[in-house]
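Here is a friendly walk through the surroundings of the ligands, the pocket and the domains. Have the viewer open as you read.

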Amino acid sequence: MGFVEIKKILSKHQSMDFEKVSFVNPNARGIPAPINESLSGKCETCKKCSTICPTKSIEVLSNKEIQFDYGSCIQCGMCSDICPENILQDTGFVYVFTLIRQDLKINFTSGNFVPVESEIPENVKKFQKLTSKKGMKYREVAAAGNNSVECELNASFNNFFDSEGNQVVSVASPKHADAIVYSGPVSKNMEGPLQTAWDCMPEPKALIANGSEATSGGIYPLGKLPSEPDLFIGGDPPRPDVMISAFRYLMGKWNFSFQNELLKRIKDIRK
Ligand code: SF4
Ligand code: SF4
């Protein structure tokens with residue numbers, strides 16, 4: 001063994017530390033939010049944000065109330081770019097995932113909201129008993145997406161993100177998997193294969209909607225799912241560290257609250 005190899009073995013590892021992640025992407029867009037606390041008195045007649053949104057993720061309910069579905073938001077930034085009153089801004093926040101679909105929907109009243117802390121569902125508690133120590137094996141099902149999620153999943157196994165080092169392993173057969181991770185809006189042709197993969201898995205098991213299309217259908221209608229997903233990850237596609245953090249959260253290895261962390265981010269921007 002040469003000097004270079006010995007130096008490498010002794011040097012500090014360079015992979016990501018998932019206990020110290022940043023919820024904000026410094027190089028790209030994240031989800032939008034009303035940063036100006038007093039929503040414009042013109043919102044009801046304007047509605048430019050909701051009209052331009054390709055995934056219908058925004059609903060202007062009144063001059064003071066606006067609702068976002070961050071599960072379908074693809075983080076394109078068109079709503080904040082078009083807002084004539086500079087109310088909406090890109091927050092850069094990309095850690096968009098919850099165990100309950102409804103928790104990805106937020107109603108802002110005069111630019112504010114009260115975060116919701118949902119109970120951990122019983123099936124997730126059983127899944128955590130199985131995986132919190134030994135880790136998780138998953139089978140991926142590409143259910144009519146655009147392959148971007150698969151590109152990021154591939155990247156999650158590189159030296160930096162080190163999925164396997166974080167006890168998240170991909171397996172070939174659903175018979176050997178603890179979870180199904182699916183991407184895409186689940187077209188008619190993919191409903192059957194997704195159901196088959198799900199049916200041949202042993203209990204306890206988890207279904208993971210990976211990306212905005214899997215969570216909401218995106219610009220397409222969402223197909224029939226074999227079960228209500230146990231984890232919903234937003235983003236089109238989510239970054240590798242977002243996926244691994246979401247899996248760690250599902251396994252009970254890491255505490256996280258999407259709504260609380262988003263509120264902190266919004267307060268930071270307002271300072
Ligand atoms: S999808 Fe685009 S336009 Fe719609 S809410 Fe998200 S960032 Fe805004
Ligand atoms: S684009 Fe801006 S001003 Fe217009 S409805 Fe949306 S938040 Fe209100």
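The shell around ligand 1 is made up of eight nonpolar and four polar residues, with no charged ones. In this predicted model, the residues that surround ligand 1 are P32, C53, P54, T55, S57, I58, C73, I74, Q75, C76, G77 and C79.

Around ligand 2 you will find C43, C46, K47, C49, V60, C83, P84, E85 and L88. By class, seven residues of this shell are nonpolar, none is polar and two are charged.

Next comes the largest pocket, whose volume is about 290 Å³. It is lined by 18 residues, and those closest to the pocket centre are L99, E117, S118, Y249 and F256. The table sets the class make-up of this lining beside the two ligand shells.

| Set of residues | Nonpolar | Polar | Charged |
|---|---|---|---|
| Shell around ligand 1 | eight residues | four residues | no residues |
| Shell around ligand 2 | seven residues | no residues | two residues |
| Lining of the largest pocket | eight residues | seven residues | three residues |

Now for the domains. The protein chain is divided into domain 1, which covers 32-94 + 102-115 + 258-270, and domain 2, which covers 122-251. Their C-alpha centres are 27 Å apart.

How many residues of domain 1 are in contact with domain 2? Ten residues of domain 1 touch eleven residues of domain 2. Interface size is often quoted as the accessible area lost when the parts come together. Between domain 1 and domain 2, about 700 Å² is buried, with 63% of it on carbon and sulfur atoms. On the domain 1 side, G71, I74 and V94 supply 49% of the area buried against domain 2, more than any other three residues. I74 is also among the residues surrounding ligand 1. As for salt bridges, the count between domain 1 and domain 2 is zero.

Key:
Residues numbered from 1 in each chain as written. Chains lettered and ligands numbered in written order. Predicted model: local features only at pLDDT ≥ 70, side-chain atom pairs only at ≥ 80, totals over all residues. Heavy atoms only, no water. Near = heavy atom within 4 Å. Nonpolar A, V, L, I, M, F, W, Y, C, P; charged D, E, K, R; others polar. 1 Å grid on protein atoms, 1.4 Å probe; cavity = no way out; pocket = protein on both sides within 12 Å on 5 of 7 lines; lining within 4 Å. Points joined across faces, edges and corners; volume = space filled by probe spheres on them. Domains from an automatic or database assignment. Contact = heavy atoms within 4.5 Å. Buried area = accessible area lost by both parts, 1.4 Å probe. Salt bridge = Lys/Arg side-chain N within 4 Å of Asp/Glu carboxyl O.
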